[in-house]
Amino acid sequence: MHVLTVDHISKTYGEKVLFQDVSFGVETGDKIGIIGVNGTGKSTFMQVVAGLEPADSGAILTAGGATVRMLAQDPKFDPEETVLDHVLGGDTAPMQAVRAYTEALRALELKPGDEALQERLVRANQRMNELDAWGIESDAKIALSKLGIQHYDAKLGVLSGGQRKRAAMAAALIQPADVLLLDEPTNHIDNESVAWLEGMLQKRKGALLMITHDRYFLDRVSNRTLELDKGRAYFYTANYSRFLELKLDREEREAASEAKRQNLLRNELAWMRRGAQARSTKQQARIQRFESLSAQGPEKAAGKLEMSVASSRLGKKILEIEGLRKTFEGRAVIDGFSYIAVPEDRVGIVGRNGLGKSTLLKLIAGKLEPDAGTVTLGPTVKLGVFSQEREEMDESLRVIDYIRESAEQVTTADGSTISAGQMLERFLFPPAQQWTPIAKLSGGEKRRLQLLRVLMDAPNVLLLDEPTNDLDILTLTVLEDYLDDFPGVVFTVSHDRYFLDRTAERIFAFEGDGVIEQHVGNFSDYQAYASAHGVRSADAAERRAESEAPKRPAAEAEQEPAKPTKMSYKEQKEFETIDADIERTEEALRQVQADMEAAGSDSMRLQELMAKQAELETKLETLMDRWTFLNELAEQIAANKKK
């Protein structure tokens, strides 16, 4: 079903054309990935589609009252609002019913005998029944727990920016919308949360538009791709892998067209030089043809990022960590960790949010002191730290002055010397932009500028804390190529699975309670190991969310039939085989995921596998629910026998 139309919209920022005359339609089930270099206007485009910012021309049309909801890159919030209230703060009827029931229940708890409040609770209860809204709060708490937020009553004002973003994401996922817009949804969440979100969006029935740099996420979730490039929009009915193929075909066609135009231009130029006589209409037309061909010209190719900054010489002793321990409020995040870095080490650091990944980098950088143990850097080590916490920038500074504060010139890998301005050009900051204030840059452009400043210092040990946040795919691709040739040592904290697969050769996995496990290989190797050796257990946070959700009144509960005190024959047989069924389904799911990796650019095969994956995930959820029921029933029967 058609739900939204983008009708010839255009937008400029100052003299810069962000996008021009863009038109397309969105159908239910469309999952559109929006990509482009930082500064091309992706976030602005999303805000225009969401109706949060006006277009200079054109219109956004929704069909039949379709709802559009957006998760912004920097969502607004009320600091006094609790996390759960924020997630349940939608204006839909079910959300209003949940809030009304919760408020009535709280009021009655304060005045137990108040008849008016009792009547209010009865009406709220009836409304919950009418809308079948009893599971909404449970769903909200489960989403929050999956996104790493356990304290539902915490006020938003005391949370970090990343935690607020995750709360806003839970709200966007729980509150119904025909078209959901997500701007960098994988920022600030760990690998487990990214995988959960990926599955949620794959199963989502409504339309989806998203901006993301996570290529695995984009490849597995999207079925259409919109590329913004130099003010124009290009559409591809394909996921990311297939998009790369189709884009290459388009650029080859454009190159062939340009070669033909150049050949015609040479012929016309030769004729002009022989001396055009403008007396006849035919000759005048040929002159005009030459001028037209000259004026056409090729579109200026996108700049090419080059990162050829030389690193400082690195001695034999690099980094030695011995018996490292760090605690916060009595809880150990790192306990007894030791490691000796070797030349050209490539270490990826993974684990759930809050377990201490960034803390390890800060201990290495000397920004934190350990409670026990030592961190010793070699005498030739020159650290380069690229933090996820955006460095305070004087936004009144011009771009070139910000880089000149680090160095006026830099030596490249081939030994040549280039100026700060030339280096900025290599980082897609053309001369005109170099003299503009930093305040006028997009968030991604500021992030790219900070990365350049780190590399301008020629470090030989890089500490990268969530380097993929807010960087576009082109920048990430070239950064990966740069790290391939980087002669020093790299430690990377990241939730970007593709980036870790490309750059890491060893994984530090934070397991909780201060334990850090070391694994040889990239992230996919570690993930395969964890999947093969992990023990599946009930999600405690999910169980707590369900237990704390609004319950039907006791009077209604009493009317439900009592549970049997023994299993039926069918239940007994199912109880005996369900563990094996779960194991087989999990194995089938792992095989499908492996097949998806191998399918790569085969978009048709990938779509089939995605459908199979969704089917297996649904089956696994059903089996796990049934497993929980049967085990609880077995426990109840055992308890009755003891009485």
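This passage goes through the confidence, overall make-up, one helix pair and two backbone outliers of a predicted model.

Confidence first. The pLDDT of the chain averages 81, and 85% of the residues score at least 70. The high point is strand 18 (residues 489-493), with a mean of 95, while the low point is helix 20 (residues 554-559), with a mean of 45. Two stretches fall below 50. One covers residues 535-544, and in the model this stretch has 15 contacts beyond near neighbours in sequence. The other covers residues 554-564, with six such contacts. Where pLDDT is low, the predicted coordinates should not be read in detail, so the contacts listed for residues 535-544 and for residues 554-564 are best taken with that in mind.

On to the chain as a whole. Its secondary structure amounts to 22 helices and 20 strands. The chain has 643 residues, and 45% of them count as buried. Taking contacts between residues at least 6 apart in sequence, 69% link residues at least 24 apart. As for the surface, about 32,100 Å² is accessible, and carbon and sulfur atoms account for 50% of that.

Now for the helix pair. Two packed helices are described by the angle between their axes and the distance between the axes. For helix 3 (residues 93-110) and helix 4 (residues 115-131), the axes come within 9 Å and cross at roughly 150°. Angles over 145 degrees count as roughly antiparallel, and the two helices therefore run roughly antiparallel to each other. The crossing of helix 3 past helix 4 is left-handed. On the helix 3 side, the residues that meet helix 4 include Ala93, Pro94, Ala97, Val98, Tyr101, Glu103, Leu105 and Leu108. Helix 4 brings, among others, Leu117, Gln118, Arg120, Leu121, Asn125, Arg127, Met128 and Leu131 to the contact.

Last, the backbone. Two residues other than glycine turn up with a positive phi: His8, near 55°, and Ala458, near 50°. Where do they sit? His8 belongs to strand 1 (residues 2-13), whereas Ala458 is in the loop that runs between helix 15 (443-456) and strand 17 (461-465). Their exposure can be set out as well. His8 has a relative accessible area of 42%, so it is partly exposed. Ala458 comes in at 17%, which means that it is buried, the cut-off being under 20%.

Technical notes
Residues are numbered from 1 along each chain as its sequence is written. This is a predicted model: local features need pLDDT of at least 70, side-chain atom pairs count only at pLDDT 80 or more; totals for chains, interfaces and linings use all residues. Side-chain values use heavy atoms; hydrogens and water are left out. pLDDT is the predictor's confidence in each residue, from 0 to 100. Helices (H or I, at least four residues) and strands (E, at least two) are DSSP runs, numbered from the N terminus. Contact means heavy atoms within 4.5 Å. Buried means under 20% relative accessible area, exposed over 50%, partly exposed in between (1.4 Å probe, protein chains only). Accessible areas come from the Shrake-Rupley method with a 1.4 Å probe; for residues, only the protein chains shown count as cover. Axes are lines fitted to C-alpha atoms, for helices over the stretch in contact, and angles run from 0 to 180 degrees between N-to-C directions. Angles under 35 degrees count as roughly parallel, over 145 as roughly antiparallel, 65 to 115 as roughly perpendicular and the rest as oblique. A crossing is left-handed if the near helix is turned anticlockwise from the far one by less than a right angle, and right-handed if clockwise.
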